[in-house]
Each structure stands twice: as structure tokens, then as C-alpha cells.
Amino acid sequence: MTLIKAGIIGAGVAGGWHALSLKKIPEKVQLAFICDIDEKKGKRLKRTNKEANILTDYKELLARDDIDTVHICLPHFLHAEVTVEAAKYGKHILCEKPIANTLEECDKMIEATKKAGVKLMIAENQRFLPALIKIKEIIGKGTIGDIKLVRTYEGGSEVASMSDPNSWKCKWIEGGGGAWMDSGVHRIAVLNYLIGDIKSISGHAEKLLSQCEGKADDNCVMNVQFESGALGEIAISFTVASDWNCSLELYGTKGTILENHNWEKPIKLYSTLPGPNRCEWVEPEVFHEPYPGYYRISFLEEIKHFYDCVINNKEPEMSGEDGKKALEIVLLGYESAKSGKRIYRKNK
Ligand SMILES: NC(=O)c1ccc[n+]([C@@H]2O[C@H](COP(=O)([O-])OP(=O)(O)OC[C@H]3O[C@@H](n4cnc5c(N)ncnc54)[C@H](O)[C@@H]3O)[C@@H](O)[C@H]2O)c1
């Protein structure tokens, strides 16, 4: 098999995780180019990916015909522009979450990649965490019955970037929002995957700690109703003092699942169905590591999936349309926070 040649555009935090994952599948992909407008950042990444060449102009990278795939690890406002351009050059695209800042941008990205016949996958690493795939399997077997109530949380500290006027992160214009846009979109994608579509949302998104002008929310609580009728609560905080974490509680008519990324064994399952562990808490075996290991695992699984799709011409699990669906709910959440009203999903 010919080695696929990849380029990373954006050599910041996410670019680092992508580069690390690519190093683990050298039999399939070679990271040939790293591009960042800040040359120092590109060079820093090259220290661990010595074979890669450094560029500072993403258009130069896209114009190269020895590049097959691009990993777009840029600030949110650049995702659409660079995806559309990459599609014109026939590159397969793995674009970081959120897909973009607006639904119009999503449509342009989806249209451009379809027209060019290239893959567009949204890098929603949480959907590829083995623990969540296991939970999807447990739900599918009916072990906890019909889910009626869901609670989920993601949090950590972004106090430094929220306080830095030069950082694009959590700025309304470049980031499209704050904690809700940045991490809320992860949890929505996970809920769409596990439970299904959301039909309405209401909640709060507040800037409680940051004094920085132009920055959006650092804490939010949203409640949703799924098409199935189930209710859900999503809490996101960027002002947490302890390690980054995500958690999930699923309450069904026949059982309960509790999940926490920072537990050694991340899933606790209780089921009333007949069987050897009826009405007992069990901890199913699954490959997992608490922070920061779960990042390493989920990024690698996501990137392996992308290359499986490219090599074997499959449709990615997290498509442009899936990315757009998650973004739509995030935007409705902001609309609700602003208006104080429950908002219903329109584009079904
Ligand atoms: N999946 C995850 O868990 C996860 C974690 C972190 C970030 N992200 C996502 O990754 C993306 C990037 O976030 P980040 O935290 O890495 O940001 P970052 O600021 O650390 O990195 C972005 C990089 O892009 C570079 N850049 C900006 N404009 C450019 C241009 N025109 N051409 C080339 N390079 C340019 C910057 O110099 C910077 O190095 C965002 O979409 C973010 O939401 C995802």
C-alpha cells in the first residue's frame, strides 16, 4: 500500500495531538508537512515529527500534489475557508470541532467536499473513546431499557486563555462563542450519537469570571428534550480548578449507566434485566486511561477511523452533516440564553 501523505494546518494544542497520533500509524500515513503562520509553533511540532517539513502559508501546503490529506487544527473562524480551499485541491479533510461558526459555513463545507468527491470528517474525538462506544453497545442491547433522563458535564480550566485578549479562544468573533461552543459541541455530538436528535433547548451561558472584552461565556447550563421524549441536562465550565473531565449519567427504565473519564474503570452499569449481575453495580472492561490518557486514546481512535475511511473509501462516522447538527444545537442554546426562551430545532 502506498503511504498516505498528510499535512497538519495549525500547530497548536490540537495540532500536537494529531501529530502524536499520526506517529502511531506510520504504516499508513506520513506527516509530510506542518503549517502554522507562527513558524516557531511549526518547528516545535517538528521536534517530535522530525520527517515533517515546515510551511507558514496554508495555500502553499494545499497546492502541493504530494499531499493527500489535511488535518485542519485552526481557530474556529478559519475552518470553513480552509476546508473549501482544501476541497478544491482534492484533499481529504479531517477538520477539528466545531465544524464552523455558522450553519451557512457548514453548508459551504459540505457542498464543496461533496462536489470535489473528498472525505470530510469532523474531528469529534469523544465519539471515538472506547468507553462511549461500549456505552452505545450497552444501550443498543436494551440493558438499561428506554432512556428517560440524561445528565452530562465537561469542565476544566481555560482561565488563562479567557483572560488573554490576544488569544482567539472563547472570543465571540473568532471562536463563535465560549465554553458552550468549545466544549458544549462535544457533549451534543456525544448525546446525538448515544440518544438521538434533540428537539428543543433552553438554558444559560454566562461569563462569570473573565473580565476580558470580546470573550464569550465561561460557564453554562442547558436543558434539552430529545426527539424520543427523554430529558437532558448539560453543564460546561471553563473555570474548574481540578483536571479536565467529562461525565455522563443515563437513567433508563431497566437500568442506569454512570460514566466518568477520570475513573480508572470509566463505566458503572446497573441493570434489572435477568442475568448473573441482576441489580448489582458492575464495571465493564474497556480500554481507558484517566486525564490526560483519554485524550491520547480518543484522538488516536478518531484518526485511525479517518484513515480507514480514506483507504477503504468508507463514509466517516462523524460526517459534515453530523458536525452541522451538533453546531445547530449549540447555536440554538445561545439563542435561548439570549432570549430567555426555549428554542425548537427547525432544520430537521
Ligand atoms: N478535540 C479536542 O479535544 C480539542 C482540543 C483542543 C482544541 N480543539 C480544537 O482544535 C482547533 C484548534 O484549537 P487549538 O486549541 O489547537 O488552538 P491553538 O491556538 O492552540 O492552535 C491554533 C494554531 O493555528 C495557527 N494559525 C492561526 N491562523 C492560521 C493560519 N491562517 N494559517 C496557519 N496557521 C494558523 C495558530 O498560530 C495556532 O498555532 C479548534 O477547532 C479547537 O476547538 C479540539
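**Notebook: aromatic contacts around helix H10**

I began with Tyr 295 and Phe 299, which are 4 residues apart in helix H10 and therefore separated by about one helical turn; helices here are DSSP runs of H or I with at least four residues, numbered from the N terminus. The model is a predicted one, in which local features need pLDDT of at least 70 and side-chain atom pairs count only at pLDDT 80 or more, while totals for chains, interfaces and linings use all residues. Residues are numbered from 1 along each chain as its sequence is written, and side-chain values use heavy atoms, with hydrogens and water left out.

I then looked up burial (under 20% relative accessible area, with a 1.4 Å probe and protein chains only): Phe 299 is buried at 5%, and Tyr 295 is buried at 17%.

Searching the whole structure for aromatic pairs, I found 10; rings of Phe, Tyr and Trp (its six-membered ring) pair if their centres lie within 6.5 Å, and planes under 30 degrees apart count as stacked. Trp 17 and Phe 299 are one stacked pair, at 5.6 Å centre to centre and 5 degrees between the planes. This pair links distant parts of the chain, since Trp 17 is in helix H1 (residues 13-23) and Phe 299 in helix H10 (residues 293-312), 282 residues apart. The ring centres of Tyr 295 and Phe 299 are 6.4 Å apart and their planes lie at 25 degrees, so this pair is stacked. I noted that Trp 17, Tyr 291, Tyr 294, Tyr 295 and Phe 299 form one aromatic cluster.

Definitions and conventions
Phe/Tyr/Trp six-rings, centres within 6.5 Å; stacked < 30°, edge-to-face > 60°. Helix = DSSP H or I, 4+ residues; strand = E, 2+ residues; numbered from the N terminus. Buried < 20%, exposed > 50% of the residue type's maximum accessible area, 1.4 Å probe, protein only.
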